[in-house]
Amino acid sequence: WHLTRIQDDHVAGVAGEEQVWPRWRERFDLPFGPWELGYGQSPDEAAQVAAPAELLAGYHAEVHALTMRYLGRIDSGAGAAELARVVDDAWDPPVTASIRLVSVIGDTLQHLGQAAYVKGLAQRAGVA
């Protein structure tokens, strides 16, 4: 959930589009604020995210489609100028669209690696 929320939030922001989350949040029925991303949550809070695989997959598929639309715009001509566009000047140096995309990729890869590691531990322990 968290890695998809981050992708949704960050890519929608860079693309200038609405997040996918508002169409899904009621289905998740989480005990958090409506725009929660899962960033900085305690282990107890993170444990409250319990959703069926189909729900997570559906949400992720819509976020993936949002991401692919944005990447298609870059590929169809916006290219280097779009990737160099500053999207967040609250940082030093300011964050460009390309840096934001690399951040999303890095965050996603880290969390997928963590999930694979935990799954491997559970399988070796005979739990999964």
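## Exercises on a predicted model: rings, charges and pockets

Arg27 lies over the face of Trp24, with a distance of 3.8 Å from the ring centre. The structure is a predicted model, and the exercises below start from this residue pair and move outward.

**Exercise 1.** Describe the geometry of the rings of Trp24 and Tyr59, and state which parts of the chain the pair ties together.

*Solution.* A pair of aromatic rings is described by the distance of the centres and the angle of the planes. The search of the whole structure finds 6 aromatic pairs. For Trp24 and Tyr59 the ring centres are 6.1 Å apart and the planes stand at 50°, so the pair is classed as tilted. The next step is to place the two residues: Trp24 belongs to the loop between helix 1 and helix 2 (25-28), whereas Tyr59 belongs to helix 4, so the contact ties together parts that are 35 residues apart in sequence. Both Trp24 and Tyr59 are buried. Finally, the two residues belong to one aromatic cluster, which is formed by Trp1, Trp21, Trp24, Phe28, Phe32 and Tyr59.

**Exercise 2.** Which ring does the charged end of Arg25 sit over, and at what distance from its centre?

*Solution.* The charged end of Arg25 sits over the ring of Trp35, 4.6 Å from the centre of that ring.

**Exercise 3.** Analyse the salt bridges Arg5–Asp8, Glu62–Arg23 and Arg100–Asp88, giving for each the distance and the placement of the partners in the chain.

*Solution.* The whole structure holds 6 salt bridges, and the three pairs are taken in turn.

1. The side chains of Arg5 and Asp8 meet at 3.5 Å, N to O. Both residues lie in helix 1, 3 residues apart, a separation of about one helical turn. With the cut-off for buried set at under 20% relative accessible area, Arg5 is buried at 0%, and Asp8 is likewise buried at 0%.

2. In the salt bridge of Glu62 with Arg23, the closest N and O atoms are 2.9 Å apart. Glu62 lies in helix 4 and Arg23 in the loop between helix 1 and helix 2, so this pair ties together parts that are 39 residues apart in sequence. Glu62 is partly exposed, with a relative accessible area of 27%, and Arg23 is also partly exposed, at 48%.

3. Between Arg100 and Asp88 the closest N and O atoms are 3.2 Å apart. Here Arg100 in helix 5 is linked to Asp88 in strand 1 (residues 86-88), 12 residues away in the chain. Arg100 is buried, its relative accessible area being 16%.

Beyond these pairs, Glu17, Arg69 and Arg73 are linked in a network of salt bridges.

**Exercise 4.** Characterise the largest pocket and the second largest pocket by volume, lining and residue class.

*Solution.* Begin with the largest pocket, whose volume is about 460 Å³. Its lining comprises 14 residues, and Trp1, His2, Leu3, Val49 and His111 lie nearest the centre. Two or more lining residues come from each of helix 1 (2-15), helix 4 (53-84) and helix 5 (97-124). By class, this lining has 7 nonpolar, 7 polar and no charged residues.

The second largest pocket has a volume of about 200 Å³. Among the residues lining it are Gln7, His60, His64, Leu101 and Thr108. Helix 1, helix 4 and helix 5 each supply at least two residues of this lining, which divides into 5 nonpolar, 5 polar and no charged residues.

Conventions: Residues numbered from 1 in each chain as written. Predicted model: local features only at pLDDT ≥ 70, side-chain atom pairs only at ≥ 80, totals over all residues. Heavy atoms only, no water. 1 Å grid on protein atoms, 1.4 Å probe; cavity = no way out; pocket = protein on both sides within 12 Å on 5 of 7 lines; lining within 4 Å. Points joined across faces, edges and corners; volume = space filled by probe spheres on them. Helix = DSSP H or I, 4+ residues; strand = E, 2+ residues; numbered from the N terminus. Nonpolar A, V, L, I, M, F, W, Y, C, P; charged D, E, K, R; others polar. Phe/Tyr/Trp six-rings, centres within 6.5 Å; stacked < 30°, edge-to-face > 60°. Buried < 20%, exposed > 50% of the residue type's maximum accessible area, 1.4 Å probe, protein only. Lys NZ or Arg CZ within 6 Å of the ring centre and 35° of its normal. Salt bridge = Lys/Arg side-chain N within 4 Å of Asp/Glu carboxyl O.
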